[in-house]
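Colleague: I've got a few labels here that I'd like to see justified. Can you walk me through them?

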Amino acid sequence: MSFAKCLARLSFIVGFVFLIGGPGIAQNAVPMLISSQGELRSPTTGEAVPDDDYDMTFFLYDVQFGGTPLWE
């Protein structure tokens, strides 16, 4: 087999592996969960709220104050 044919076949195999496995590898590299730990306080009194189940929504912004939410 000629060098050109070997190179073409190798390029095809590498390209195929990248197309099939590449997106999965990149997706697995970034965790889809964010861990958070803190203390929940009342916005009016500043006192710690009692233990219970609370619904919370987190936002990530492109700047420290104001800006555009990038993730919810």
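**Asking about the labels**

Modeller: Sure, and keep in mind that this is a predicted model. Let's start with Asp55, which sits in the loop between α1 (3–29) and β1 (60–61).

Colleague: Why is Asp55 called exposed?

Modeller: Its relative accessible area is 84%, and exposed means over 50%, so Asp55 gets that label.

Colleague: What makes Ser42 buried or exposed?

Modeller: Ser42 is also placed in the loop between α1 and β1. Its relative accessibility is 18%, and the cut-off for buried is under 20%, so Ser42 counts as buried.

Colleague: And how many residues of the protein share that label, as a percentage?

Modeller: Of the 72 residues, 3% count as buried. As for the surface, the protein exposes about 7200 Å², with carbon and sulfur atoms supplying 62% of that.

Colleague: What makes the Ser42 and Thr44 side chains a polar contact?

Modeller: The two side chains are 3.1 Å apart at that contact. The limit for a pair of N or O atoms is 3.5 Å, so the pair falls within it.

Colleague: Back to Asp55: which residues gather with it in a patch, and of what charge?

Modeller: Asp51, Asp52 and Asp53 join Asp55 in a surface patch of negative charge. Asp counts as negative, so the patch gets that sign.

Colleague: Last one: what pattern does the protein follow along the sequence?

Modeller: The pattern is α-β-β, built from one helix and two strands.

How values were computed: Residues numbered from 1 in each chain as written. Predicted model: local features only at pLDDT ≥ 70, side-chain atom pairs only at ≥ 80, totals over all residues. Heavy atoms only, no water. Patch = residues over 30% accessible without salt bridge, like charges linked within 9 Å, V, L, I, M, F, W, Y side chains within 5 Å. Areas by Shrake-Rupley, 256 points an atom, 1.4 Å probe, with all protein chains shown as cover. Salt bridge = Lys/Arg side-chain N within 4 Å of Asp/Glu carboxyl O. Charge placed at Lys NZ, Arg CZ, Asp CG, Glu CD. Helix = DSSP H or I, 4+ residues; strand = E, 2+ residues; numbered from the N terminus. Buried < 20%, exposed > 50% of the residue type's maximum accessible area, 1.4 Å probe, protein only. Polar contact = N/O pair within 3.5 Å; in protein donor to acceptor, adjacent residues only side chain to side chain.
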